[in-house]
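Colleague: I want to go through this model and ask what stands behind each label. Put it up, please, and keep the answers short.

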Amino acid sequence: MWWGGRGQSFNIAPQKEEPEMGLSGPKSVQGGRMPELRSRQLSDCLASGCLPGEQILAWATGVRKGLEPELSGTLICTNFRVIFQPCGWQRSQETPLSSEYDFALVNIGRLEAVSGLSRVQLLRPGSLLKFIPEEILIHGRDFRLLRVGFEAGGLEPQAFQVTMAIVQARAQSSQAQQYAGITLSKAGQGSGSRKPPIPLLETSEDWETERKKQGARGWRVSTVNERFDVATSLSRYFWVPNRILDSEVRRAFGHFHQGRGPRLSWHHPGGSDLLRCGGFCTASDPNKEDVRAVEAMLQAAHSDVVLVDTMDELPSLADVQLAHLRLRALCLPDSSVAEDKWLSALEGTRWLDYVRSCLRKASDVSVLVTSRVRSVVLQERSDRDLNGLLSSLVQLLSAPEARTLFGFQSLVQREWVASGHPFLTRLGGTGASEEAPVFLLFLDCVWQLLQQYPAEFEFSEFFLLALHDSVRVPDTLTFLRDTPWERGKQSGQFNSYTQVYTPGYSQPPAGNSTNLQLSVWDWDLRYSNEQILQFHNPGYDPEHCPDSWLPRQQPSFMVPGPPSSMWLFSRGALTPLNQLCPWRDSSFLLAVSSRWLPRPAISSESLADQEWGLPSHWGACPLPPGLLLPGYLGPQIRLWRRCYLRGRPEVQMGLSAPTVSGLQDELFHLQELLRKWTPRISPEDHSKKRNPNTILS
């Protein structure tokens, strides 16, 4: 995390005796077991920031962090994480222990031991340390770097022991790959007394409240998946058209990949509906009634329907993963890329290209949703990755309420968590080959929007960083499971269910409320009030709040589309369809995927011009109120330096700080560096034009 973490709400678990480890790990500290008094002092010091069940495996005092400037402190390895605790930290300071120096074991991407100038050993799980390290380098998967040096002469045993403890803890963590999360009762909260800060959408009441908030009158909450017997990757509840019965929903969903049929994602106040669904199971053989139900759900009572091929023009999961690996390698402090070739190497990672393509696609879909009253259906085979990315970006571009802090958190909970995005698999928590940080790509896209429209978003870059760094913390289940079913099963939410089906019953018995899990949105249990205040964007314009946008009682400002029109949106162009379902009228279509039509050429004309350039009803108004169309060409897409270059402090200096005091601290630090380094610069250097980043490095 960039600057803070857990607050003082957790209590450290009783410490168990430290196991004997021999050469593969620390047998003791300072020749025997940890002295009882010092161990108790350390435990008391950690008590405000440790997790239930967390055990201290090894620790070393007197270490230093970084090179310039150095920071002395204590390096601690637990069974959950590696912590660097700066000297002088006091509980009375209310400074959270978890900070930029706190690395969850699952977040460690590479561990290196260094001795002298040339001896470097890469430590993998199961490795044996070949020498006493003078320093260790911990590279985080979130682009952070923790560089810790050991004092010469007295810390050789501790250096060996704490390093091997980290190696062993990583190996055990990779084998278990399971975190139970923290329950509200363990966090010191009264049972059932704490309301989640963001609706978790685990009850039908939450979904009904959200439906009314969106004004989706033609939709209702379906309970057909209440026991996850339609689709385990879907939430227990979702929105379907009013006139479609649950029995029809069950049959229709069976003709889509993994049972993920069409359902409402967002209702635009102008009348349009944004839907998402999985790919057609073309091998199935639906009857006429099922086909009619599928078409009715896709049309959503609209005469104009646009089927969006989500995978078209967007990167594959393998592309996203490869680009992220290349970006991470490029941003390491020891990257071998020369400075004059760094920007070309950045373009070579393709990460910024993928950000551009996502923003362009989302911009086109937002135009489809806001230009006419219609049904826009996002279709992806799995419906669990790029559909969530596109749907979320479209809402951010089209709905001012989604740009508020509360609205954005609700958006992520609905479109990613409740919709079954496989966080654990995509972020490498299972060791499977399907790793691809799609959610991190989405956060980068949001950061780009924040840079282009700073007055439109209530949340700040630091909130995005906190969310970016929270995807691998072991204290909540929000991002540590692949489906709502797995998340509910782990938390014990379904343990008390009986075999008797009760229609409309949506909550577990009250006795099970003590097992409710913390979510990532419980920021006040992990961050200080001062840090939470930095989540708010000081440049946010209150005039852009939802209340001043489009009153829902006013008549629609959009016009209906052509009667009985069906379109396929692909490569920036709309192509007419003869039918929505591939099973109609032709047996030849049964053997092909959802992309059954020939590809049109990529349109050089923007969709905004296609939709609004010709119709006369728009007059001189180029865009409807509330809609943002981002730039995605050339330098309009930038590198998220504060996130990806955190391992290079010299690059961070000069970035805008969130507060006046932060700016003063940066100014003071730069003045100190200038005072120290000025005598080292020769007159010849003064006469040359040099890159400031080169001087700082």
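Colleague: What share of the contacts in the chain with a separation of 6 or more comes from residues 24 or more positions apart?

Modeller: The share is 72%. Bear in mind that this is a predicted model.

Colleague: How many helices and strands does the chain have?

Modeller: The chain has 21 helices and 18 strands. Buried residues make up 56% of its 697 residues. The exposed area is about 29,800 Å², with 53% supplied by carbon and sulfur atoms.

Colleague: Why is alanine 159 called buried?

Modeller: The cut-off for buried is under 20% relative accessible area. Alanine 159 has 1%, so it counts as buried. Alanine 159 sits in helix α2, residues 156-176.

Colleague: What does alanine 159 touch, not counting residues up to four places away in sequence?

Modeller: Pro133 and Phe150. Alanine 113 is 46 residues away along the chain, and the two C-alpha atoms are 9.9 Å apart.

Colleague: Why does serine 222 count as buried?

Modeller: Its relative accessibility is 0%, so serine 222 falls under the 20% limit. Serine 222 belongs to strand β9, residues 219-222. Leaving aside neighbours within four places in sequence, its contacts are Arg236, Tyr237, Phe238, Val240 and Asp246.

Colleague: What makes the approach of the serine 222 side chain to the backbone nitrogen of valine 224 a polar contact?

Modeller: The distance is 3.3 Å. The limit for a pair of N or O atoms is 3.5 Å, so that distance qualifies.

Colleague: And what makes the pair of arginine 642 and glutamate 461 a polar contact?

Modeller: Their side chains come to 3.4 Å. That is within 3.5 Å, so the pair counts. Arginine 642 lies in helix α17, residues 641-644. At 12% relative accessibility, against a limit of 20%, arginine 642 counts as buried.

Colleague: How many disulfides are there?

Modeller: The count comes to 0.

Colleague: Why is there no bond between cysteine 358 and cysteine 445?

Modeller: A disulfide needs the two sulfur atoms within 2.5 Å. In cysteine 445 lies the closest cysteine sulfur to that of cysteine 358, and the distance is 4.6 Å, so it is too far for a bond. Cysteine 358 is buried, at 0% relative accessible area.

Colleague: Why does cysteine 277 not bond with cysteine 581?

Modeller: Same test: sulfur within 2.5 Å. Cysteine 581 holds the closest cysteine sulfur to that of cysteine 277, but the distance is 9.8 Å, which is too far for a bond. Cysteine 277 is also buried, with a relative accessible area of 0%.

Colleague: Which residues have the most contacts inside the largest nonpolar core?

Modeller: Leu393, Leu396, Phe408, Phe439, Phe442, Leu464 and Trp523, in a core of 81 residues. Helix α12, residues 438-452, gives the most to this core, with 11 residues. A second, separate core has 39 residues, including Phe238, Ala296, Ala418 and Trp583.

Colleague: What is tryptophan 523 in contact with, leaving aside neighbours within four places in sequence?

Modeller: Gln409, Phe463, Ala466, Leu467, Ser470, Ile532 and Phe535.

Colleague: How do you know that the span of helix α10 is close to the expected one?

Modeller: Helix α10, residues 405-417, has 13 residues. At 1.5 Å a residue, 18 Å is expected, and the helix reaches 17 Å from its first C-alpha to its last.

Colleague: What makes α10 mostly covered?

Modeller: Of its 13 residues, 12 are buried. Among them are Phe408, Gln409, Arg414, Glu415 and Trp416.

Colleague: What makes alanine 300 and glutamate 313 worth a look at their phi values?

Modeller: Most residues other than glycine have a negative phi. Alanine 300 has a positive phi of about 55°. For glutamate 313, phi is also positive, near 70°.

Colleague: Where are they found?

Modeller: Alanine 300 is in the loop between α5 and β13. Glutamate 313 is in the loop between β13 and α6.

Colleague: Why is alanine 300 called buried, and why is glutamate 313 called partly exposed?

Modeller: Alanine 300 has a relative accessible area of 8%, under the 20% limit, so it is buried. Glutamate 313 has 30%, which lies between 20% and 50%, so it is partly exposed.

Note on methods
Residues are numbered from 1 along each chain as its sequence is written. This is a predicted model: local features need pLDDT of at least 70, side-chain atom pairs count only at pLDDT 80 or more; totals for chains, interfaces and linings use all residues. Side-chain values use heavy atoms; hydrogens and water are left out. Helices (H or I, at least four residues) and strands (E, at least two) are DSSP runs, numbered from the N terminus. Buried means under 20% relative accessible area, exposed over 50%, partly exposed in between (1.4 Å probe, protein chains only). Contact means heavy atoms within 4.5 Å. Accessible areas come from the Shrake-Rupley method with a 1.4 Å probe; for residues, only the protein chains shown count as cover. A polar contact is a pair of N or O atoms within 3.5 Å; within protein, one must be able to donate a hydrogen and the other to accept it, and residues adjacent in sequence count only if both atoms are side-chain atoms. A nonpolar core is a set of buried Ala, Val, Leu, Ile, Met, Phe, Trp, Tyr and Cys residues joined through side-chain atoms within 4.5 Å. The expected span of a helix is 1.5 Å times one less than its number of residues.
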